[in-house]
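Please work through the exercises below with the sequence and the coordinates at hand. Each task is followed by a solution in steps.

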Amino acid sequence: MQPKAPNDHRKDGRAPEWAGARRLLADAAPPDGVEAALLQAFARRHAKQPWYRRWTLEALAPWAGIGAAGFALALALAGGLRAPPPQAPVAAADGFLALAPADRIAAAVNPHLRRADLPRQELVRMGIPIAADAPDELVHAELLVAATGEPLAVRLAVN
Amino acid sequence: MTEPDDLQLLRAIRQGDAKAFQSLYRRHRSGLYGFALLHSGAPEVAADVVQDVFMGLLNDSYAFDPLKGMLANFLYGVTRNLVLRHARQNERWVQPEDDEDGDDALAPADEDAEPLARLLDAEALEHLRRALARLSPLLRDVLILFELHELSYQEIAAICQLEIGTVRSRLSRGRAALSTALAPYRRIGLHIA
């Protein structure tokens with residue numbers, strides 16, 4: 001039998017140097033300082049915090065939601081017990097601001113459009129959000145008026 | 001009592017169990033360190049990489065999904081990426097040293113082992129390091145995982161994100177290239193003998 005040349009590989013094709021490497025590296029480990037640094041980092045990350053620091057945003061979020069819902073419910077109940085306040089004009093289509101409840105506008109028969117120059121003061125009184133610095137100044141407006149004469153919505157003309 | 005598996009340890013770690021973290025580290029440190037050591041050829045790089053791997057695990061930086069594979073393979077994949085990134089950042093691969101002073105650079109101390117056997121193993125490891133440093137890092141990956149860690153083609157494919165066919169071909173080319181790179185050291189050994 002011929003002696004095996006040193007550069008022959010074993011039948012499995014594995015270089016013989018790997019066997020030595022495996023034996024030597026089987027218990028190889030990073031320096032102890034690595035483990036110590038990792039454990040310190042772990043301790044910092046999981047350090048016990050005082051109770052007020054444990055209230056993170058994530059922890060508070062569900063309670064904040066519940067509180068907000070409760071507050072809204074309380075407001076709704078309180079509002080239901082009082083007479084409804086005067087309604088602010090509600091924005092409607094085509095730049096109109098509603099002056100009457102939506103159901104009344106929808107139920108209005110043959111409403112028509114009227115153009116008029118109204119004093120700024122009057123528009124403010126109707127709840128239109130404009131400055132009242134010149135109360136007597138006339139502002140050109142378009143009014144949607146019901147057949148009964150009731151103003152349903154108003155639109156300010158762009159000057 | 002049976003040892004908790006990796007997933008049980010991970011769960012305990014998330015609940016702040018430092019012992020579980022230490023157990024997980026000790027379970028995997030040797031394999032990951034050996035891989036990084038042979039890949040980079042530098043003990044300090046290997047130590048840094050292993051530390052970064054576990055620091056990332058600690059900080060939940062990785063999206064490990066147990067449904068997609070084992071934690072060990074996942075950690076090898078992270079180690080591989082960090083070693084490659086380190087090499088890219090340093091814009092060079094660790095080259096084999098020509099001086100003889102660095103012979104024991106890779107050899108971990110194992111004072112209990114029989115001295116001559118340890119010496120031979122250390123020499124084999126050093127030859128291997130120098131030869132591996134001459135190979136492409138992509139061949140090195142597959143070779144180390146297959147030859148040193150004795151992982152299967154499937155596991156290597158998962159770690160390196162390769163097709164199994166690519167693993168086979170890289171292994172074949174890697175072995176041929178390694179054999180060529182080891183030849184000078186083997187001749188030296190033959191002459192000395």
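The exercises that follow concern a predicted model.

**Exercise 1. Determine the order of secondary structure elements in chain A and the share of buried residues.**

Step 1. Chain A contains 5 helices and 5 strands.
Step 2. Read from the N terminus, these elements follow the order α-α-α-β-β-α-β-α-β-β.
Step 3. Chain A has 159 residues, of which 14% count as buried.
Step 4. Of the contacts in chain A between residues at least 6 apart in sequence, 46% link residues at least 24 apart.

**Exercise 2. Assess the confidence of the prediction along chain A.**

Step 1. The average pLDDT of chain A is 73, and 67% of the residues score at least 70.
Step 2. By element, the highest mean pLDDT, 92, belongs to helix H2 (residues 32-45) of chain A, and the lowest, 51, to strand S1 (residues 90-91) of chain A.
Step 3. Over residues 1-11 of chain A, pLDDT stays under 50. For this segment the model has 9 contacts beyond four places in sequence.

**Exercise 3. Describe the pairing of strand S3 (residues 112-119) of chain A, and decide whether this strand is buried or in the open.**

Step 1. S3(A) pairs with strand S4 (residues 138-145) of chain A in the antiparallel sense, over 8 bridges.
Step 2. Within this pairing, Leu118(A) stands opposite Val139(A) in S4(A).
Step 3. A residue is buried if 20 or more other C-beta atoms lie within 10 Å of its own.
Step 4. Of the 8 residues of S3(A), the number buried is 0, so the strand lies largely in the open.

**Exercise 4. Check the length of H6(B) against expectation, and state how far the helix is covered.**

Step 1. The 12 residues of H6(B), at 1.5 Å a residue, should span 16 Å.
Step 2. The end C-alpha atoms of H6(B) are 15 Å apart, which agrees with that expectation.
Step 3. H6(B) is mostly covered, with 10 of its 12 residues buried. Among them are the charged residues Arg140(B), Asp141(B) and Glu147(B).
Step 4. Just after H6(B), Glu150(B) adopts a positive phi of about 55 degrees.

**Exercise 5. Characterise the side of chain B that touches chain A.**

Step 1. The contact involves 37 residues of chain B and 30 residues of chain A.
Step 2. Helices H2 (18-40), H3 (43-58), H5 (115-133), H6 (137-148) and H8 (164-192) of chain B each supply at least two residues of this side.
Step 3. H2(B) gives the most, with 9 residues.
Step 4. By type, the residues of this side of chain B comprise 23 nonpolar, 8 polar and 6 charged.

Methods: Residues numbered from 1 in each chain as written. Chains lettered and ligands numbered in written order. Predicted model: local features only at pLDDT ≥ 70, side-chain atom pairs only at ≥ 80, totals over all residues. Contact = placed C-beta atoms within 7 Å. Helix = DSSP H or I, 4+ residues; strand = E, 2+ residues; numbered from the N terminus. Pairing = 2+ DSSP bridges. Expected span 1.5 Å × (residues − 1). pLDDT = per-residue confidence, 0-100.
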